Amino acid sequence: MPTLKKLYSDHGSSQNRDGLWFPDHDSNMEWSEVQRLVLDTIGLLTGGAFDDTEPVQRPFKRLLDALASPDEVISVDKGIHQRVEDPHITLTIPGDEFNDEYEFHLHLSAEMIDRSYADGTKSRMFVWKAVKVSLFVATHAKGGKVYASHPPGTVPRTVGRARGYSITEGQIEVHVQRKNKELADKAEAERLEEERKKAEMAALLEKTEDKYPSLGGAVFNKAPLKPGWGKGPANKPGGLARGNRPGF
């Protein structure tokens with residue numbers, strides 16, 4: 001395989017013309033995964049009938065040769081960027097008599113992962129797939145550059161994915177296992193919390209019973225009746241004497 005290098009730095013960020021630093025790749029993927037996507041370009045170009053004598057086809061032939069050579073150096077000028085409207089990687093190789101260098105765009109598609117977690121919810125993660133290579137190339141000494149791509153024309157692709165949900169193909173199984181463990185840990189934590197609450201309530205009830213015994217075992221002393229209570233005006237049993245009735 002060729003040597004793939006970052007154009008500006010080796011510590012995950014690059015400096016633009018204004019002196020501001022930006023991430024080399026606008027995703028949570030490692031540099032090794034960006035390299036893998038670049039090498040996936042071989043699959044896109046293999047089988048193409050590129051004529052090295054045709055200025056528009058020559059860049060693709062040169063790129064395919066570079067990807068297959070251990071002696072070539074391919075510069076990744078910027079990793080995955082413009083992910084909302086046109087996610088792509090920018091890379092360059094030496095050019096020809098009309099182009100100082102060939103600057104390619106490796107266009108990507110965000111492919112959803114068809115996996116579910118232990119609780120039945122669907123994964124929202126996706127992987128990047130290389131779907132097209134394009135560039136603007138000068139075909140002669142004078143005049144502007146022309147657009148060329150392989151495959152030519154429009155290719156099906158999905159864009160506009162949210163930041164932070166991308167993942168590498170090699171990390172899919174690890175991601176699903178980690179998510180399932182998080183779900184299991186959460187369920188265990190909720191179970192332990194429920195047991196703690198039940199134990200706390202049982203201890204509170206036990207403490208309450210010690211302080212306030214059950215009414216079934218309590219003995220109440222009968223208070224003596226005051227004189228006059230129990231006799232009505234006509235001295236009927238159960239009545240109240242007029243002077244002793246409430247409200248009189």
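## Overall make-up

Contact here means heavy atoms within 4.5 Å. In this predicted model, 53% of the contacts between residues at least 6 apart in sequence join residues at least 24 apart.

The protein has 4 helices and 8 strands. Along the sequence, their pattern reads β-β-β-α-α-α-β-β-β-β-β-α. Of the 248 residues in the protein, 33% are buried. The accessible surface is about 16100 Å², and carbon and sulfur atoms account for 54% of that area.

## Nonpolar cores

The largest nonpolar core holds 30 residues, and those that touch the most other members are Leu 63, Ile 89 and Phe 104. Helices H1 (31–39), H2 (41–45) and H3 (58–68) each give two or more residues to this core, as do strands E4 (73–81), E5 (88–94), E6 (101–112) and E7 (126–138). E7 supplies the largest share, 6 residues.

A second core, separate from the largest one, has 7 residues. Among them are Ile 113, Met 125, Val 127 and Ile 172.

## Contacts of Phe 104

Leaving aside residues up to four places away in sequence, Phe 104 touches Pro 59, Phe 60 and Leu 63. On the same count, Phe 104 also touches Ile 89, Thr 90, Leu 91 and Ile 93, together with Val 133, Ser 134 and Leu 135. Two of these partners, Leu 63 and Ile 89, are named with Phe 104 as the residues touching the most other members of the largest core.

## The cavity

Rolling a probe the size of a water molecule over the atoms shows where empty space is left. In this protein the count is 1 cavity of 30 Å³ or more. The volume of the largest cavity is about 30 Å³.

Its lining consists of Val 38, Thr 41, Leu 63, Leu 67, Leu 91, Phe 104, Leu 106 and Val 133. H3 and E6 are the elements that give two or more residues to this lining. By type, the lining residues divide into 7 nonpolar and 1 polar, with no charged residue. Leu 63 and Phe 104, both in this lining, also belong to the largest nonpolar core.

## A cis peptide bond

Most peptide bonds are trans. The bond from His 150 to Pro 151 is cis, with omega near -5°. Pro 151 is located in the loop between strand E8 (145–150) and helix H4 (172–211).

Note on methods
Residues are numbered from 1 along each chain as its sequence is written. This is a predicted model: local features need pLDDT of at least 70, side-chain atom pairs count only at pLDDT 80 or more; totals for chains, interfaces and linings use all residues. Side-chain values use heavy atoms; hydrogens and water are left out. A nonpolar core is a set of buried Ala, Val, Leu, Ile, Met, Phe, Trp, Tyr and Cys residues joined through side-chain atoms within 4.5 Å. Buried means under 20% relative accessible area, exposed over 50%, partly exposed in between (1.4 Å probe, protein chains only). On a 1 Å grid over the protein atoms alone, a cavity is a set of points where a 1.4 Å probe fits but cannot get out, and a pocket is an open set with protein on both sides within 12 Å along at least five of seven lines; lining residues have an atom within 4 Å of a point. Grid points are joined across faces, edges and corners, and a volume is the space filled by probe spheres set on the points. Ala, Val, Leu, Ile, Met, Phe, Trp, Tyr, Cys and Pro count as nonpolar, Asp, Glu, Lys and Arg as charged, and the others, Gly among them, as polar. Accessible areas come from the Shrake-Rupley method with a 1.4 Å probe; for residues, only the protein chains shown count as cover.
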